[in-house]
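I wanted to get to know this fold piece by piece, so here is my notebook from the session. I picked a few spots and looked each one up.

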Amino acid sequence: MGFEEKMQEIKGYLRRIELLGNAMGVLNWDLEVNVPPGGVKGRAEVLGYLSGEMYKLITAPEAGEYIAWLEQQNLTDPVHKGMLREMKKSYERLVKIPADRFVAFSRLTSEAQAVWAESRRRNDYEMFKPYLKQIMDFEKEFVGYLGYKQNKYDTLLDQYEPDMTTAVLDKVFGDLRDKLVELLTELRERGKAPNNDFLKGHYPADKQKALNREVLKLMGFDFNRGRVDISAHPFTTSFFNGDVRITNRYDEEYFLSSFFSAMHEGGHALYEQDISDELYGTGLATGVSMGIHESQSRFYENMIGRSKGFWEYFFPTVVKEFPNLSSARPEDMYKAVNTVEPSLIRTEADELTYAMHIIIRYEMEKAFINDEITVDEAPEVWNEKYEKYLGIRPKDYSSGILQDTHWSGGMVGYFPSYALGNLYAAQFLNAMKKDMDVEELLREGNLEPIHQWLKDKVHKHGAVYTPSELVEMVTGEPLNPQYFVDYLAAKLRTVYNID
């Protein structure tokens, strides 16, 4: 069999994995959006069964044969090299985990996500606690199968951000925390905080939905290939680039919560909608890492959505839906959305204090996996960290340890991706500004050149390149956190009238 014939055979195998993954994705989306409480256990069983079929596919004897054959070839095509890298990583990880444990974990997390949503609604940690314990026990068990070099948490972190380690993150996050605390002190001591009292009011959910649709259209989200629904926690899922789905939730006293969630999830969705058709059947038709994926969501949510140019253009659209804001100016809105104020809810945090929310979760995940805290101690540890880092203390579980869905889905190791996403996004923005006048485009309401730049430089490549390779390709240098600090300091000093 020739090279091309063999590659087609391998792509046929990878396409079967993609198709099964798409089927599971639809069922997972439905679980979070539509399934009634009585259907949760049954759906968990279905997903458990399908995860077992996925396990068989990924660990099948031919997978090992395909990997061995690819390793013997002199691969030069970046797509072929990416196929080998991703196939090998998935295969070598799963063959070390017993099939029955893999299936049991899938069933557990499918059920736990519904339990978490109800626990959060009821403010009942005791209801979710047994599931959290089982999930953390599973994660530690998996680390035992997979092994680790320096820190057990590295094994979980690598699933979401390849080649990242706690040693690197400890330094990056430590330096970032120190610089942001210094900036926060400067704002408090020398700055004048914006007045955001004009935002108080009632914002009907249907009008929020209409407003969010307008901003998603402006961003370039294709509603012919996507939709928006409601869930307990906003998320984006993609079955292929022609079916990318966003969810959101609505607070009628604070429209900016759903608005920025729409922009955040819209950034994820654009990434998925823009992936090249040619990558389907290669195992690479997905984001390369959650850090790069979060760079796109954080870019649109913050670097676009909290920019002065954006509000100069978009504020009249907001006023059309919410006339109670008509006495305010675009400048008022720009400053209000950039107010720095410690808050309990991660998804509503300002850009400066957001990093503290991530560092808290990062520290707790490391502590869980290294047996330094238990699920009984976790709520109090969470509250103490919030008091230490942000000077505020949750009054209940729903605004504390129950606020995020990630642990219920077994996504331990994911949270650092959000902070890394900020760093990648700022570096991408710096490179983009060399090619176009971003602020002028925003004032004109012309986001298409921005979208096209990201599509060509980042989105269309899917997972062909590693995160570090992609960052160097786009920006000409490795990850440099200073771009984020400089971007934030320049903006906030202006907002706070600091010369």
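**A long look at H5**

I started with helix H5, residues 99–122, which has 24 residues. From its first C-alpha to its last it reaches 35 Å, close to the 34 Å expected at 1.5 Å a residue. Just after H5 I found Asn 123, which takes a positive phi of about 60°. Note to self: this is a predicted model.

**H6 against H7**

Next I checked how helix H6 (residues 125–146) sits against helix H7 (residues 152–160). They pack at an angle of about 95°, and their axes are 9 Å apart. Angles of 65 to 115 degrees count as roughly perpendicular, so that is what H6 and H7 are to each other. On the H6 side the contact is made by Glu 139, Val 143 and Leu 146. H7 brings Lys 152, Thr 155 and Leu 156.

**The strands**

How do E2 and E3 pair? Strand E2 (residues 236–240) and strand E3 (residues 243–248) are antiparallel, with four bridges. A hairpin through two residues joins E2 to E3. I looked up one bridge here: Ser 238 has Val 244 of E3 as its partner.

Strand E1 (residues 226–230) also pairs with E3, but these two run parallel, joined by five bridges. There, Asp 229 stands opposite Thr 247 of E3.

Then I asked which way the E3 residues point. Asp 243, Arg 245 and Thr 247 go one way, while Val 244, Ile 246 and Asn 248 go the other. That fits what I learned in class: in a regular strand, side chains alternate between the two faces of the sheet. E3 is mostly covered, with six of its six residues buried.

**The core**

The largest nonpolar core has 161 residues. Among those with the most contacts inside it are Phe 255, Phe 259, Trp 311 and Trp 407. Helix H14 (residues 351–369) gives this core its largest share, twelve residues.

I zoomed in on Trp 407. Leaving out residues up to four places away in sequence, Trp 407 touches a whole list, including Leu 132, Met 136, Arg 361, Phe 368, Trp 382 and Phe 415.

**One leucine**

Is Leu 256, in helix H10 (residues 255–273), buried or exposed? Its relative accessibility is 2%, so Leu 256 counts as buried; the cut-off is under 20%. Again skipping residues up to four places away, Leu 256 touches Leu 199, Trp 311, Met 333 and Val 337. I also checked Leu 256 against Arg 393, 137 residues apart along the chain: their C-alpha atoms are separated by 23 Å.

Definitions and conventions:
Residues numbered from 1 in each chain as written. Predicted model: local features only at pLDDT ≥ 70, side-chain atom pairs only at ≥ 80, totals over all residues. Heavy atoms only, no water. Pairing = 2+ DSSP bridges. Expected span 1.5 Å × (residues − 1). Core = buried A, V, L, I, M, F, W, Y, C linked by side-chain atoms within 4.5 Å. Buried < 20%, exposed > 50% of the residue type's maximum accessible area, 1.4 Å probe, protein only. Contact = heavy atoms within 4.5 Å. Axes fitted to C-alpha atoms, helices over the stretch in contact; angles between N-to-C directions. Parallel < 35°, antiparallel > 145°, perpendicular 65-115°, else oblique.
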